[in-house]
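Open the structure in your viewer and keep the selection tool at hand. This tour moves from stop to stop, and each stop tells you what to pick.

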Amino acid sequence: MTQARLICIFTSLLISASAAAQGFLKWERDTVPFFQGVAVSFDLAGVAQLQLSDYGQLEGALRVNLHDQYFPTLELGLGKASHENDEVTGITYHTKAPYFRLGCDVNLLKEKHTGNRIFAGFRYAYTHYKVDLDRQTFPDPCWQWDTSFGVKDESCYQHWAEVLLGIDAKVAGPLHLGWSVRYRKRLAHDDGITEKTWYVPGYGIQESTRLGYTFNLTIDI
Amino acid sequence: MKDMMRCFNGHRQHASNDNRNAIKRRQTKKGMQVAYGLITFFIFYLSFGMSACSSIDCPVQNTVSTHYTICDADGNEKTLNDTLWVWTQRSDGTDTLLLNRLIGQSAFSLPISYSHPEDMLVFFKGDINGNYTLDTLWLKKDDIPHFESVDCSAHFFHQLTGTRYTRNGIDSITIIDPRVDYDPSKTHLHIYFSAH
């Protein structure tokens, strides 16, 4: 029910944004060259998340500007989770792995060459990661045998897709600031012997929410 | 006249330059406003995201146990008219009662050890005439650590791999569904008691 509501909200946002920018897919015929350069960006939200919680990611992106209208994008990151000896369950969880997302953004604004952009886009993403899971030895409640629980270097992978909506504003010179809100959907995954994992690099916590966000500092180069 | 025109054109040039500068300044100002808006939104969204991440979502049904169904010779479910007790032996050698005085039922559940390769269960059955039978069941299994989240307690799922048992009161035991997990609706084993 919640998922259906999220899909509805996201779809209506996309539709309203595209309606606001009528004809956004139409190629704007003007004298501005097709290739407008390349930009690099860094996600500050992931860094903040890494500082404020047990997990997060360091992420950068390379974005090609085609006529201020289409932006093929490659996002590369390193996701990390380090949850030590949970005070209630006693579980320790470690993972650290790279991931990538590949996709394209479309500038929805009618005036495409102002430097400010509202964009919609999609991504395909993949990560292969290893999980260390451990819990201190505890007694079996019935038989009282000492029981150890955990896996070491459990190999997992995940493919997922994202649709996103975002804003990018020119602040000064080549510097842009912007954010994006993303709806994510798992396409295929293998969570190893434990059948579930907690933090997936680049995707976040499984089953907590399907919404993700980035806050980007972008520099035109 | 020519001088006047030049002067007029000069003014126009000035005015258009001023206009362009004003537009540029307005655009920069607009950009800064948008940036401030973005930062505010980011802080709001970050705090929203952080609070969302702190929610705990563990399964309500998180008991892992084996479910037995008592069957007659034809494999149909049969109500037990006798009384059944089931014990096991703890790691320190003492006994513990797992099932006490089951009567008038056709199914029952027993706990399964977390990570011992084979569970030993003692079945003690008595009828109304005071006839008693004692049997031992050894249940062999593979133990699979099951993880939900760091917020949920550790559990094991199991794959039943074999049974061996004495045949005083028990005729036979068959594994129906070898996977033991959270699902309480499954029947894992059929147990056939000997007819008196």
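What follows is a walk through two chains of a predicted model.

**Confidence first**

Start with the scores for the whole model: ipTM is 0.75 and pTM is 0.76. Now colour chain B by pLDDT. Its mean is 83, and 71% of its residues reach 70 or more. Where in chain B is confidence lowest, and where is it highest? Select helix α1(B), residues 2–53, for the low end, with a mean of 59. Then select β9(B) for the high end, at 96.

**Chain A in outline**

Show chain A alone. Count 2 helices and 10 strands. Follow the sequence and you meet them in the pattern α-β-α-β-β-β-β-β-β-β-β-β. Of the 221 residues of chain A, 36% count as buried. Take the contacts in chain A with a separation of 6 or more: 64% of them join residues 24 or more positions apart.

**Helix α2 of chain A**

Select residues 44–52 of chain A, which make up helix α2. Mark Ala45(A), Gly46(A) and Gln49(A), which are buried. Now turn the view to look down the axis of α2(A). The buried residues of α2(A) fall within an arc of 100 degrees, so they line one face of the helix.

**Strands β6, β7 and β10 of chain A**

Next, select β6(A) together with β7(A), residues 175–190. These two strands pair in the antiparallel sense over 15 bridges. For one rung, pick Ala161(A): its bridge partner in β7(A) is Lys185(A). Go to the turn of this hairpin, which has 2 residues between the strands. Gly173(A) takes a positive phi there, near 55 degrees.

Stay on β6(A) and pick Lys152(A), which lies in this strand. Is Lys152(A) buried or exposed? Lys152(A) counts as exposed, because it has 10 C-beta neighbours inside 10 Å. Add Asp134(A), 18 residues away along the chain; the two C-alpha atoms are separated by 8.0 Å.

Now add β10(A), residues 211–220. β7(A) and β10(A) pair in the antiparallel sense over 9 bridges. Here Val181(A) has Tyr213(A) as its bridge partner.

**The nonpolar cores**

Which residues have the most contacts inside the largest nonpolar core? Select Ala81(A), Ile91(A), Tyr93(A), Tyr129(A), Leu133(A), Trp198(A) and Tyr199(A). The core has 21 residues. Strands β4 (91–107), β5 (117–139), β6 (146–172) and β8 (199–200) of chain A each supply at least two of them.

A separate core has 12 residues, including Val86(B), Leu121(B), Leu139(B) and Leu189(B).

Return to Tyr199(A) in the largest core. Leave aside its neighbours within four places in sequence. Tyr199(A) is then in contact with Tyr55(A), Ala81(A), Thr95(A), Gly204(A) and Ile205(A).

**The six-stranded sheet of chain B**

Switch to chain B. Select six strands in the order β3-β2-β5-β6-β7-β9, which form an open, antiparallel sheet. The edge strands are β3 (95–102) and β9 (179–180), and each pairs on one side only. Zoom in on the β9(B) edge. Strand β7(B), residues 155–165, joins β9(B) through 2 bridges, and the two run antiparallel. Gln159(B) has Arg179(B) as its bridge partner there.

**The four-stranded sheet of chain B**

The last stop is another open sheet in chain B, with 4 strands in the order β4-β1-β10-β8 and mixed pairing. Which strands stand at the edges? They are β4(B) and β8(B), the latter at 170–175; each has a single partner strand, so one side of each is left without a neighbour in the sheet. The twist averages 25 degrees from one strand to the next.

Now select β1(B), residues 65–71, and look to either partner. With β4(B), residues 107–111, β1(B) runs antiparallel and shares 5 bridges. Pick Ser65(B) and its bridge partner Pro111(B) to see one of them. With β10(B), residues 189–193, β1(B) runs parallel and shares 4 bridges. Ile70(B) has Ile191(B) as its bridge partner in β10(B). Finish on Cys71(B), whose bridge partner in β10(B) is Tyr192(B).

Terms used
Residues are numbered from 1 along each chain as its sequence is written. Chains are lettered from A and ligands numbered from 1 in the order in which they are written. This is a predicted model: local features need pLDDT of at least 70, side-chain atom pairs count only at pLDDT 80 or more; totals for chains, interfaces and linings use all residues. Two strands pair if DSSP finds at least two bridges between them. A residue is buried if 20 or more other C-beta atoms lie within 10 Å of its own, exposed if 12 or fewer, and partly exposed in between; C-beta atoms are placed from the backbone. Two residues are in contact if their C-beta atoms, placed from the backbone, lie within 7 Å. A nonpolar core is a set of buried Ala, Val, Leu, Ile, Met, Phe, Trp, Tyr and Cys residues joined through C-beta atoms within 7 Å. pLDDT is the predictor's confidence in each residue, from 0 to 100. The arc is that of the directions from the helix axis to the C-beta atoms. Axes are lines fitted to C-alpha atoms, for helices over the stretch in contact, and angles run from 0 to 180 degrees between N-to-C directions.
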